[in-house]
Amino acid sequence: MDSVRSPEWPVAPLGGVAANSAAARYGMSPGTGPIVGRAGPPASAPPPYRPSSETGSVPPSAGKPAAPPIPVKILVAGGFGVGKTTTVGAISEIAPLTTEAEMTTAGIGVDDPGARSTKTTTTVAMDFGCVTIDRSLKLYLFGTPGQTRFGFMWDDLARGALGALVVVDSARLDDCFPAVDFFERAGLPFVVGVNAFDGRLALELGEIRWALAIGDHVPLVQFDARDRLSVRDALLVVLDRALDRATRDRRA
């Protein structure tokens with residue numbers, strides 16, 4: 001099943017067809033006969049899918065295969081050691097593709113992951129993961145390398161992207177300036193996500209906005225790169241920003 005299981009969705013017990021039945025999944029009492037339908041969804045199940053009324057779409061008829069979700073490319077960018085690989089890995093519904101290499105003494109003085117980091121590897125090409133938002137939308141996440149010497153790859157990775165999440169370490173704001181400048185020059189919608197290392201920030205969000213000199217039109221959010229739901233919320237802000245830009249461009 002090519003979708004992310006909601007944290008609230010009950011986990012079916014193992015063992016045969018009966019274990020995957022509605023009675024086993026939703027805790028219904030056995031002996032009620034074959035289930036041919038129900039008056040309403042169980043309280044613990046996700047809400048039913050309803051197509052947007054604006055598009056005039058209708059639910060697919062029985063026997064007709066549903067259309068595949070629309071692929072949307074999103075970049076996860078930022079400086080070295082800010083949590084890009086962790087961000088992609090936390091939300092991806094597949095085993096993320098990473099290109100991690102062990103850091104060596106040759107990188108001392110060149111690659112600085114920060115005093116609070118225990119990082120021992122570095123991305124030398126890109127990260128890749130994906131997450132299904134709903135039946136109509138699927139995000140493909142591309143994490144960029146953070147070191148300056150790999151900057152030539154950013155143009156290729158950004159081609160076809162709808163938006164970007166710029167991950168920031170509040171204790172090392174200098175490292176994120178190149179990423180912010182890149183997306184401002186490229187005209188690509190982006191959101192600045194401040195990764196809360198150890199659950200706290202070195203600066204307040206208002207101070208970070210002032211230090212980065214970004215306008216109020218650029219969303220600034222705090223998130224935890226290790227937490228799936230926190231990463232999800234940050235990516236939804238990126239998606240909303242990208243869709244807002246696309247709507248305005250279509251009306252222009």
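Of the 252 residues in this protein, 37% count as buried. The structure is a predicted model. Its accessible surface comes to about 14,700 Å², and carbon and sulfur atoms account for 57% of that area.

The secondary structure consists of six helices and eight strands. Along the sequence these elements follow the order α-β-α-β-β-β-β-α-β-α-β-α-β-α. Among contacts between residues at least 6 apart in sequence, 70% join residues at least 24 apart.

In soluble globular proteins, nonpolar side chains tend to be buried together. In this model, the largest nonpolar core has 27 residues. Those touching the most other members are Leu75, Val166, Phe183, Phe190, Val192 and Leu212. Each element in the table below supplies at least two residues of this core.

| Element | Residue range |
|---|---|
| Strand E1 | residues 70-78 |
| Helix H3 | residues 154-158 |
| Strand E6 | residues 163-169 |
| Helix H4 | residues 177-186 |
| Strand E7 | residues 190-195 |
| Helix H5 | residues 205-212 |

Helix H4 provides the largest share of the core, four residues. Phe183 lies within the range of helix H4, 177-186. Leaving aside residues up to four places away in sequence, Phe183 touches Leu75, Ala77, Trp154, Ala164, Val166, Leu188 and Phe190.

A second core, separate from the largest one, is made up of 22 residues. Its members include Ile91, Leu137, Val191 and Ala234.

Conventions: Residues are numbered from 1 along each chain as its sequence is written. This is a predicted model: local features need pLDDT of at least 70, side-chain atom pairs count only at pLDDT 80 or more; totals for chains, interfaces and linings use all residues. Side-chain values use heavy atoms; hydrogens and water are left out. Buried means under 20% relative accessible area, exposed over 50%, partly exposed in between (1.4 Å probe, protein chains only). Contact means heavy atoms within 4.5 Å. Accessible areas come from the Shrake-Rupley method with a 1.4 Å probe; for residues, only the protein chains shown count as cover. A nonpolar core is a set of buried Ala, Val, Leu, Ile, Met, Phe, Trp, Tyr and Cys residues joined through side-chain atoms within 4.5 Å.
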